[in-house]
Each structure stands twice: as structure tokens, then as C-alpha cells.
Amino acid sequence: MTSVSENQREGSQQREFLGHPIGLSVCFLTEMWERFSYYGMRTILVLYLVKYHMFSTEKASMIYGAYAGLVYMMPIIGGYMADRYLGSRKAVTYGALLLVAGHGLMAFHGPQAYLDGDAVVRNDFYLNIFFLALALIITGVGFLKANISTIVGALYGPKDPRRDGGFSIFYMGINLGSVFATALVGYVGEVHGWNYGFGLAGIGMLFGLLVFLWGQRLLDGRAEPSNPAILKEKSPIGLNKEWTIYLGGLGLVVASWIMMQYQELVGGVLYFVGPLMILIIIVYGITQCTKIERERLFVAAFLITIQSVFWALFEQQAASLTLLADEQFDLNFLGMAWLPSQVQLMNPLFIVIFAPVLAWLWVALSNKGWEPSTPAKFGMAMLLIGLGYVVFSWGMSLDDSTSKSFLWMVFIYLSLTLAELCLSPVGLSMVTKLSVHKIVGMVMGTWFLWTAMGNFVAGVISSWTGSGGHGGEGGNLDVIATMEVYTNIGLLSIGVGVFILVLTPLMKKYMHGVH
């Protein structure tokens, strides 16, 4: 256990468990089960849309892209409501309740779609239930995701050196939840029935809710509203403000339900609001900031925009790469018969293996004065993921005995993970360090907006790999088109990576000492 002086411990939660504030264990288990439910459902979502509801690859990919985009956009609202009114504890509890309801509804999916001649017949009532379930999950994630991390930060005082270690432990919960979900939910969903897979994910979220409800008393009031009195004030509709916010959350569910059925609405919102927020940041920098603040803010705005390219490529793993694993590759590997959904297991496994290695490498390079700056790491991430897709596409063009080898899936997932480890851990830290204190929340929200845009575009890219036919058990991907798409997006990413590296010296200058 790390020795921490009383001065360093000042402001931290006093009760401890295994050398860290006891509330960390509550947050760890809550996040682990929430991520179990989220990644479990995501693991089988596109396969379910194609095989059970017989959506085309194009339509299934757009539904996934809209869902993923909204999942990353909604925490902006949930985070604001928690900061301004609810406090993190109430926001997380409300989000968890919505998530349990959403995952529970996913288990009721109605009759399977079927062909009547050339037309696909689906049950509209159960499809609406399905989209409502997704809307509940989207809004639930919005209220829970950002705020559970806020609680972890509140457990540590400003000088407590255990803070980074605490967040590392917390993020282990994400990886554990992802590993278990991909292995178990994927298996149950594909082998025993999609509704059982979704039901298992829902049971995981129920565990998360129960853990948090039981463990609230261990948070010692560190996640309460900053101004509890304001929640009791009457709102314009006659309810107190707390219940008005909860009612507003149900309004967000309705809005998400509508947008999930008309996926182009999600793209329209993101394509408008994302650039608008960047413009607002730039104008603020020009009119309200000193030279140093302005130049740092410009670097942040550039990196926020560019990261969306990364997520558009990275999130293919839950879309076109899963369909490709199902239709194109020999999934017998290391004496095991992998299911298509279980191929996604490689990403969290590689994170567990390589995250400590890269953490050690950055420290070793830092000690020698050689550690790459944040912009350089962004450039490296773009190069790694771009090269991964170009080489992977080339591998698919080889003869059948070689092109269908599972090793190609191992290769692309290793590329995705190494790129993720170069960009994801430093991204949010970069935002907080380069932002002006007065607008750090707005800049962080803009980061998530552009992450959401990248996730939506991932669905668009995946839709380009479709064969144009309806879904079902047969082939729904156009392999030739997929190879062309992967080559093009890979080359684009390489070009972006080179562009970032060329600009890195200028960005380092504009960062004015921030690493």
C-alpha cells in the first residue's frame, strides 16, 4: 500500500478499503456491471439486426451508428444536469434505473422476421419496443456514464497521489465488464437465443443498480447535489425541479426513440452541432482569451475534431468487422471455435495485456526526455489504425486458404487496440489541460460530441460494405466493396496521421509547456 501523508490525504474520503477510499469499490463494481450490460448488448446488436430482423447490412449499420452516436452525445446533458442540479448520486441512480428498464425490454423481441416472396415481413409493434429499449439505454448511459467517473474523482483530495491509481483501478472495471460480456453474452445470444443474450446483459445491469443502491452509504455524501434546496423549488410546470428533471429524462427517451427510427436525424444534429461548438470555442478564444490561452484552445479544438476520424475506424469492430467475422473468416483458432460476436473479445484482452506495457514505455521514454507529445501520440494512433486496415484489406485479397485465416482478425484487433492506447487515455486529459478553466465543461462536451460523430460515421462506413440485399443467415457483405472501403479509410487515416505529425512541432509550440 502506498504511504500517503496526512497532508496529502486532506480532502480524501477517510474510510478506506485496500489502501483506497472505500467508495471506489462501489464505483468499480457499478461500472463493471454497467459496462457488462453495455458491451454485452453491443456485442450481438448488429448480428441480431441482420439475422433476426433481417435488416440489410446497410440498415443495420445505420441503426448501430445512430445508437452509438447518441450514447456518446447524451452524457453531455446528463453531466450538466448532475453538475447543476441533481448531484452525481441521484443522476447515476436514475440512469441505472433507465438502463435496467431498457435492457429488460431488449429481452422481449417478438416473432422473427420472414420472407414473403421478396419482401421482408417484420412485426412493427415489437420493432417499436426494440427502439424504445435502445432509447432507454441511450438516456440511461447519459445520466450514468460521466457521473460515475465524477464520483471517483470526488473521493480523493486535490493533493492525493493515489488519484491516478484509483482511476486505473476504476477503469479495470470497464475492461473486466467488457471481457466477461463479450465472452458470455455473445455465447448465450448466438447459441441459446438473442433474447437470452439481451436478458443476461440486463441481469448484469440489475446487479450494477443493486450494488450502487446498497453502496451509496459508503460514499459519505461526496456525490450529493451542490445546492439541494434548488431541487425543491417549483418549476414552470408545477412540479419541483428534481421531478421535472426526471420527467425531462423521459422526454429524452422519447426524442431518442424517434431518432433511432430515423437515423439520419442523428447525423443531422451531429453534423450541425459539432462544427458549431468548434466555432464557438474558436470565437471565445479570439475574443476572451490571452495569447497563450487562445493558442492552447486552438490546439485542443484541432485534436477534438481530428479524433472523430479515429473513432469512425475503431468502432467498425461492433459493425462491419463482426459481420465480416461471421461471413468471411475461419473462426477455429487455438483449438477453439469462436463465435462471430466473441471476436470482439480481443480488444479488451489486448488492452489488459498491452496497457501496462505502454504505460511503462511512456515512463521510460519520459525519463530519457523522449516521450512523444500528445499530438504525436494522436498521429501515431492514426498511422497504426490506418496501416492496420490497409494491410488487413490486402490480406483479404489473398487466396482463400490464406485470406480466411483467423490471424488476420487478430492482426486488425491488435492494430485497433494499440492505436486506442495511444489516443484514448490522453484525450480527456488533454482537454482538461489545454482548456480555459471557465469553459472546460463546454470543451469536454465538444470532445464527446465529436466522439459521437465518429461513432455515427462508423455506422455510415459499415453501411458501405453491404451487398444491397436483405438480411438473414446468408451473406450480406460485399467482400470486394469491403476491401475497397477498408483500403480507402486506411489510407485516409494514414494521411491524417502524417498531417498531425507534420503539425506536431507547431502544436507543441502553441501548447506552451503543456505536455
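## What counts as buried

A residue is called buried here when its relative accessible area is under 20%. Phenylalanine 314 comes in at 4%, so it counts as buried. Keep in mind that this is a predicted model.

## The chain as a whole

Let's start with the overall picture. The protein chain carries 18 helices and 6 strands. Its radius of gyration is 23 Å, close to the 24 Å the globule rule gives for 515 residues, so the chain is as compact as a globular protein of that length. Along the principal axes, the C-alpha atoms fill a box of roughly 70 × 55 × 50 Å.

Buried residues account for 56% of the 515 in the chain. The accessible surface of the protein chain adds up to about 21300 Å², and 67% of that belongs to carbon and sulfur atoms. As for how the chain contacts itself, take the contacts between residues at least 6 apart in sequence: 82% of them join residues at least 24 apart.

## Rings at the end of H11

There are 27 aromatic pairs in the structure. One of them joins phenylalanine 310 to tryptophan 311, edge-to-face, with 4.8 Å centre to centre and 75° between the planes. Tryptophan 311 also pairs with phenylalanine 314, again edge-to-face, this time at 5.4 Å centre to centre and 90° between the planes.

Tryptophan 311 and phenylalanine 314 both belong to helix H11 (residues 291-314), where they sit 3 residues apart, or about one turn of the helix. Phenylalanine 310 is buried, and so is tryptophan 311. For tryptophan 311 the relative accessibility is 8%, which is why it gets that label.

## Other aromatic spots

Elsewhere, six residues make up one aromatic cluster: Tyr48, Tyr52, Phe130, Phe131, Trp194 and Phe198.

Two rings have a charged side chain over the face. Arginine 122 lies over phenylalanine 55, at 4.1 Å from the ring centre. Lysine 377 does likewise with tryptophan 362, at 4.4 Å from the ring centre.

## Two polar residues in H5

Helix H5 spans residues 124-154, and asparagine 147 is part of it. With a relative accessibility of 1%, asparagine 147 counts as buried. Setting aside neighbours within four places in sequence, asparagine 147 is in contact with Gly78, Gly79, Ala82, Ser88, Ala91, Val92 and Gly142. Take Gly78, one of those contacts: glycine 78 is 69 residues away along the chain, yet its C-alpha atom is 7.8 Å from that of asparagine 147.

Threonine 139 lies in H5 too, and it is buried, with a relative accessible area of 0%. If residues up to four places away in sequence are left out, threonine 139 touches Met74, Leu98, Gly249, Leu252, Val253 and Ser256. Its C-alpha atom is 7.9 Å from that of leucine 99, and the two residues are 40 apart along the chain.

## Cysteines

A disulfide is a covalent bond between the sulfur atoms of two cysteines. How many disulfides does the structure hold? The count is 0. Cysteine 27 has 0% relative accessibility and so counts as buried. Cysteine 422 is buried as well, at 4% relative accessibility.

How values were computed
Residues numbered from 1 in each chain as written. Predicted model: local features only at pLDDT ≥ 70, side-chain atom pairs only at ≥ 80, totals over all residues. Heavy atoms only, no water. Phe/Tyr/Trp six-rings, centres within 6.5 Å; stacked < 30°, edge-to-face > 60°. Buried < 20%, exposed > 50% of the residue type's maximum accessible area, 1.4 Å probe, protein only. Helix = DSSP H or I, 4+ residues; strand = E, 2+ residues; numbered from the N terminus. Lys NZ or Arg CZ within 6 Å of the ring centre and 35° of its normal. Rg over C-alpha atoms; globule rule 2.2 N^0.38 Å. Contact = heavy atoms within 4.5 Å. Areas by Shrake-Rupley, 256 points an atom, 1.4 Å probe, with all protein chains shown as cover. Disulfide = S-S within 2.5 Å.
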